[in-house]
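Work through the exercises below with the coordinates open. Each task is followed by a solution in steps.

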Amino acid sequence: MRVIDMEDIIHAMNHETQFVLRCEEVYHDKISAAAGTILSALPKKPFVALTGPSGSGKTTTAMRLKAYLENLGVHVCLLSMDNFFLPLDQRPPEATDWESPYCVNRPLLIETIERLANGETVQVPWYDFKANTTGGYTEMAGSRDGIIIAEGIHMLNPLIFDEIRDRATGVYVAPRTRIITPSDQIVKPEQVRVARRMIRDYHGRGKSLRETIERAQSVDRGEQQYIAPNKPNASIHIDTFHDYELCILARDLRELPQFAAELDDAFVEAHGLSVLMDVVQSLPALQTNFVPKDSLVREFVGGSCFQY
């Protein structure tokens, strides 16, 4: 677990453009290293199973890996496990909540991966979360010489991963950095993920800040039950924390009209987020426009060149 000092972040913000670009270069190097490991496993392992908890940045990481590999001339198919959710009326009794791997049409997901690897053109489903059913299909062409990246919270779960284990490289992504405050308190990675989700879900999913925080307990329970135990299936681990990101998350949260009204001290304390909110209130706001369009941070604050 990496640890950094909040005072170092504040000092680096004196030159915020250089700070942002330096952090982005660090993450680019992580993508490059992961791509090198994946390529070195070919042709034995043409599959990449990429996972991480909610708010980890796994979608952008998968897209960045795809773009990097394609720039090297590799044919890449990218699948999102979320599009393979079963319609509500087709889910088995074991699918007790959205965090359960039994919510996924696992046979169809594995079949799609196999057919793409065989060079077939397949109809990939997309899931309509408003109607809670499969909304349609998108055509995707496979390649016998390509790489198939499948990302989602259950991609390293044995119910899925065991079907492709001998041919897949496992990747686990999540913030893994702790921030020490001047009063020697700790902002934990799961709190960073809550801050990311508050902004993303407010702007992109119509959720109030309170709704996101209240659902965090269920999300964390699902992570401990279904995701964290499968970390050993990953041979690549990527810390998705960007040292400058709390400054942009803090700025965006403070600018929301509902921030002060919804997040009173009693509510914040009851949900274990007092340290995070103290940091949000005290960090300098990031003003630079030089956050790259493909930055993982933009998955949560907007302005990305990727479609989510």
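**Exercise 1. Find which helices and strands each supply at least two residues of the lining of the largest pocket.**

Step 1. Assign helices (H or I, at least four residues) and strands (E, at least two) as DSSP runs, numbered from the N terminus. The model is predicted: local features need pLDDT of at least 70, side-chain atom pairs count only at pLDDT 80 or more, and totals for chains, interfaces and linings use all residues. Residues are numbered from 1 along each chain as its sequence is written, and side-chain values use heavy atoms, with hydrogens and water left out.

Step 2. Define the pocket on a 1 Å grid over the protein atoms alone: an open set of points where a 1.4 Å probe fits, with protein on both sides within 12 Å along at least five of seven lines; lining residues have an atom within 4 Å of a point.

Step 3. The elements that each give at least two lining residues are α3 (58-71), β3 (76-80), β4, α6 (189-204), α7 (209-227) and α12 (298-301). The largest share, seven residues, comes from α7.

**Exercise 2. Describe the volume and lining of the largest pocket.**

Step 1. Join grid points across faces, edges and corners, and take as volume the space filled by probe spheres set on the points. The largest pocket holds about 1700 Å³ of space.

Step 2. Its lining has 48 residues, and D82, F129, R200, D201 and R205 lie nearest the centre.

Step 3. Sorted by class, the lining has 17 nonpolar, 17 polar and 14 charged residues. Here Ala, Val, Leu, Ile, Met, Phe, Trp, Tyr, Cys and Pro are nonpolar, Asp, Glu, Lys and Arg charged, and the others, Gly among them, polar.

**Exercise 3. Explain why C77 is in no disulfide.**

Step 1. A disulfide is a pair of cysteine sulfur atoms within 2.5 Å. The structure has zero of them.

Step 2. C77 cannot pair because the closest cysteine sulfur, in C305, is 20 Å from its own, too far for a bond. C305 is in no disulfide either, the nearest cysteine sulfur being that of C23, 18 Å away.

Step 3. With buried meaning under 20% relative accessible area, exposed over 50% and partly exposed in between (1.4 Å probe, protein chains only), C77 is buried at 2%, while C305 is partly exposed at 47%.

**Exercise 4. Locate the cis peptide bond and the positive phi of N132 and D184.**

Step 1. Most residues other than glycine have a negative phi, and most peptide bonds are trans.

Step 2. The cis bond joins L42 and P43, with omega about -5°. P43 is in the loop between α2 (16-40) and β2 (47-51).

Step 3. N132 has phi of about 55°, in the loop between β4 (121-128) and β5 (133-141). D184 has phi of about 65°, in the loop between β8 (177-180) and β9 (186-187), and is exposed at 64% relative accessible area.
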